[in-house]
Amino acid sequence: RLKLDKAASKAVKPGRLPEAEHGLGQGLDDNGRINGWENLADHIRNVFGRMGITDQETVALVCGGHVYGRCHPDLSGYAGAWVEEPTKFSNEYAADLVGDEWMYVEHGTTVNGEPIPEETRPAEGKRQYMTKWEPSELGKIENANATNYPPGKYKVVDEEYVNVRRTHQTDSVIIDQPVFETVVTVISTRKFGNGVRGQLDVGGWISIVSSNGEEQLMERVGDLEIVSAKYRVLSGAGPQAKVYDATPATKDEFEGMESVGVLNVREIQLSDFHILESEDKSVEIFARIEGGEYDSKYVPVLLQSVGAIFERIQPGYNETPRKAIKKLEVRYQMMLPSDMIFLWDPEFRVHVEKYAEDEELLKRDFGAAFKKLTQLGFDGCPGMKIS
């Protein structure tokens with residue numbers, strides 16, 4: 001016999017998560033659990049039980065299914081990903097559920113006066129849990145300004161990574177994410193709002209001070225050093241790659257100099273760098289051309305009026321201009337109340353703990369449970385064998 005679906009009006013709206021807070025009351029118990037969580041556990045057990053799905057199969061389905069994707073506040077009201085790598089199968093959901101510390105959050109939750117990260121902040125009226133979080137005390141600063149962060153060698157002091165974006169705009173695409181203790185060369189720094197960002201010699205802009213002006217993400221560890229190498233004219237900067245007979249001794253002298261041409265090649269070898277520093281610690285950089293039509297002439301590499309004109313080509317990193325990173329960024333994880341009950345309910349938890357220890361067991365049990373779920377109510381066609 002054929003399996004008939006319900007009418008379209010009975011379908012769950014796309015992106016919506018039904019009954020993630022079914023039966024919950026207000027407030028928390030002494031263990032941080034939302035009051036009435038037992039009602040939600042019973043509801044989930046009843047929903048799956050009506051389909052002949054056991055507790056073990058229910059846990060396998062959720063532990064396997066929730067390693068993919070994330071919640072979006074504009075769709076479900078909830079915010080965040082369940083796991084750090086939400087694009088591949090693993091037992092991370094189960095392992096993190098029992099192994100991480102979780103804190104209850106609402107839309108307006110703050111910690112030590114700081115709002116929780118936007119990444120895991122649910123919409124108004126929704127409740128969820130997120131990995132335990134506290135505002136970082138590392139690098140807390142006051143009155144951030146660019147003059148306190150002159151060009152030079154900088155090291156990542158954020159415990160995870162710092163984003164490098166194509167331009168200084170915060171909505172620009174991310175092209176790199178140097179991790180903790182990575183050292184980079186910053187050739188220019190600017191203040192944008194309350195944050196400070198630096199332009200890298202290899203291209204892109206990195207956050208030195210967070211956008212709210214309170215957290216230092218990079219630490220200066222050395223003076224500015226520019227190395228002889230092949231350089232690329234940045235996109236849109238071609239008209240600024242003017243050639244001069246000599247390098248100026250001061251900025252005022254440069255303003256009176258006339259160019260002898262404009263580079264008509266995209267990549268060129270540069271050496272013999274001259275750095276002009278101002279009282280505000282900003283710099284302008286000039287270099288000598290090696291080879292080609294303008295051999296031994298000079299070009300500006302960085303001008304404060306326009307920013308960097310060239311980027312250094314680093315073998316193995318940017319032989320071609322860096323492309324946007326497609327990796328899904330997950331810094332903080334979340335769990336719905338309907339996830340947390342698998343931790344709180346003893347009969348559910350015993351299965352979660354098994355899967356947290358054994359990924360192969362989860363693969364096997366998830367596959368069997370998913371097959372059972374998808375074949376519910378389907379007897380097959382005449383002559384068809386279901387194996």
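In this predicted model, strands β6 and β22 run antiparallel and are joined by two bridges. One point of pairing can be located by residue: Met130 stands opposite Met334 in β22. On the β3 side, β6 (residues 128-131) pairs with β3 over four bridges, again in the antiparallel sense. Two of the bridge partners can be named here. Trp102 has Thr131 of β6 as its partner, and Met103 has Met130 of β6. Met130 therefore appears in both pairings, since its bridge partner is Met103 and it also stands opposite Met334.

Put together, these strands make an open sheet of three, in the order β3-β6-β22, with antiparallel pairing. β3 (102-105) and β22 (334-335) are the edge strands; each has a single partner strand, so one side of each has no neighbour in the sheet. As a general point, the strands of a sheet pair through backbone hydrogen bonds, and the pairing is either parallel or antiparallel.

Another open sheet has seven strands, which follow the order β9-β8-β12-β11-β10-β7-β13 with antiparallel pairing. Which strands stand at its edges? They are β9 (174-176) and β13 (218-222), and because each has a single partner strand, one side of each is left without a neighbour in the sheet. Within this sheet, β8 (residues 164-165) pairs with β12 (residues 205-209) in the antiparallel sense over two bridges. Arg165 has Trp205 of β12 as its bridge partner.

The next topic is the packing of side chains. In soluble globular proteins, nonpolar side chains tend to be buried together. The largest nonpolar core here has 41 residues, and the members that touch the most others are Tyr93, Ile341 and Phe342. Several elements give two or more residues to this core: the helices α1 (37-49), α2 (55-65), α3 (92-99), α5 (337-344), α6 (346-357) and α7 (359-374), along with strand β22. The edge strand β22 of the three-stranded sheet thus also contributes to this core.

What is Tyr93 in contact with, leaving aside its neighbours within four places in sequence? The contacts are Val62, Cys63, His66, Val67, Trp82, Val83, Met335, Asp339 and Phe342. One of these, Phe342, is also among the core members that touch the most others.

There is also a second core, separate from this one, with 29 residues. Ile187, Ile285, Ala287 and Phe310 are included in it.

Conventions. Residues numbered from 1 in each chain as written. Predicted model: local features only at pLDDT ≥ 70, side-chain atom pairs only at ≥ 80, totals over all residues. Heavy atoms only, no water. Pairing = 2+ DSSP bridges. Core = buried A, V, L, I, M, F, W, Y, C linked by side-chain atoms within 4.5 Å. Buried < 20%, exposed > 50% of the residue type's maximum accessible area, 1.4 Å probe, protein only. Contact = heavy atoms within 4.5 Å.
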